[in-house]
Each structure stands twice: as structure tokens, then as C-alpha cells.
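Here are my notes on the model you sent round. Have it open while you read, since I go through it point by point.

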Amino acid sequence: MKKYLDAALKLDLPERDVKNANIVNLWMFAWAITLVGATAIAEFAEDWQYFTLTVLFAIALHAGVTLVMIFKFKHLLSHMDELERKIQLEALALSSGAALGGCSVYSILENANLVAGVQINIIIMLLAFTYMGALVIGRVRFR
């Protein structure tokens, strides 16, 4: 169990990687906040036509934060050692594949009227949890 906990917390990362990871985490938090905010504003503004500009601003802000988050994550990856980069990229590949596969199966089930429509938060959670699990497994396997 200690091996998995150490892998999850990644206690032996260089200080530069910890700093870059914290920056990425802050931008991911900002991304989540702008997603919730833009969604709430869009739902609230559904009944009010004069909120269109506010909705467009919230969406643009979310898109901007998304772009910064992507570039900060790319920066994090480009400054890691090769083994940690390999672990990160394998985790990204697994989470992308799980989301793609999960969405396609869910789409077939939805078209067959066996389940209700998919919600984007389910896809995001599938991506996040698969990515986190794959990181821990990769770090245990390679370290």
C-alpha cells in the first residue's frame, strides 16, 4: 500500500517539476471554476435575452483559461525527465482511449434507448479518474 501511496503523491519529483505541476493544478482548478460559472450563467440566462453578452464573455473566459491550461501542461511535460514524461503520456493515452471507448459504447446504448443521454461531467470524470489511476500504476510499474 505504501508503494501506491508514494506513487500517487510522487514524493521524489524534482523541485522544478513540483512547481510546474502546482501551476498546472491551479490552472485546472481555474478551468473547473470557469466551466461551472459559464454553465450556470448560460442556464440562468436562458430566460433573459439581455444576458447574451455575459454568456459570451463567460464562454470566452473559459476558452481562454482552457488554452492557458493546455500550454501550461505542455510546458510541464516538456520539462520532465524522460521516464516521468513516458508515464504521463501513457496515462494520457489510456484516459483518452477510455473516454473515447466509453463514449462510443454509451452512444450505442443511447441510440438503442437503453440509457439516457450522456452528460459531459461523466466524460470528464471518466477522463480524470482513468488518468489518475494510470499515473499511479505507471509510477509503480516503472519506478
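The points below go from the overall fold to salt bridges and the surface.

1. Ground rules. This is a predicted model, where local features need pLDDT of at least 70, side-chain atom pairs count only at pLDDT 80 or more, and totals for chains, interfaces and linings use all residues. Residues are numbered from 1 along each chain as its sequence is written, and side-chain values use heavy atoms, with hydrogens and water left out.

2. Overall make-up. The chain has five helices and zero strands, so from the N terminus the order reads α-α-α-α-α (helices, H or I, of at least four residues, and strands, E, of at least two, are DSSP runs numbered from the N terminus). Of the 143 residues, 24% count as buried. Buried here means under 20% relative accessible area, exposed means over 50%, and partly exposed is in between (1.4 Å probe, protein chains only).

3. The α4/α5 pair. Helix α4 (residues 82-111) packs with helix α5 (residues 120-142) at an angle of about 145 degrees, and their axes are 8 Å apart. Axes are lines fitted to C-alpha atoms, for helices over the stretch in contact, and the angles run from 0 to 180 degrees between N-to-C directions. The crossing of α4 and α5 is right-handed; the near helix is then turned clockwise from the far one by less than a right angle, while anticlockwise would make it left-handed. In the contact of α4 with α5 there are 15 nonpolar, six polar and five charged residues. For that split, Ala, Val, Leu, Ile, Met, Phe, Trp, Tyr, Cys and Pro are nonpolar, Asp, Glu, Lys and Arg are charged, and the others, Gly among them, are polar.

4. Salt bridges between α4 and α5. How many salt bridges does a search of the whole structure find? It finds four, each being a side-chain nitrogen of Lys or Arg within 4 Å of a carboxyl oxygen of Asp or Glu. One of them joins R139 and E84, at 2.7 Å from N to O. That pair links distant parts of the chain, with R139 in helix α5 and E84 in helix α4, 55 residues apart. R139 is buried at 9% relative accessible area, and E84 is buried too, at 0%.

5. A second link, and a network. E90 and R141 also meet in a salt bridge, at 3.0 Å from N to O. Here E90 sits in helix α4 and R141 in helix α5, 51 residues apart. E90 is partly exposed at 32%, whereas R141 is exposed at 54%. K86 joins in as well: K86, E90 and R141 are linked in a network of salt bridges.

6. R16. This residue lies in helix α2 (residues 15-44) and forms a salt bridge with D17, the closest N and O atoms being 3.6 Å apart. Is each partner buried or exposed? D17 is buried, with a relative accessible area of 1%, while R16 is partly exposed at 47%. The C-alpha atoms of R16 and M80 are separated by 8.6 Å, although the two residues are 64 apart along the chain.

7. Surface patch. L67, I70 and F71 form a nonpolar patch on the surface, with about 330 Å² of accessible area together. F71 belongs to helix α3 (residues 52-78) and is exposed at 57%. Patches take residues with over 30% relative accessible area and no salt bridge, joining like charges within 9 Å and nonpolar side chains (Val, Leu, Ile, Met, Phe, Trp, Tyr) within 5 Å. The areas come from the Shrake-Rupley method with a 1.4 Å probe, and for residues only the protein chains shown count as cover.
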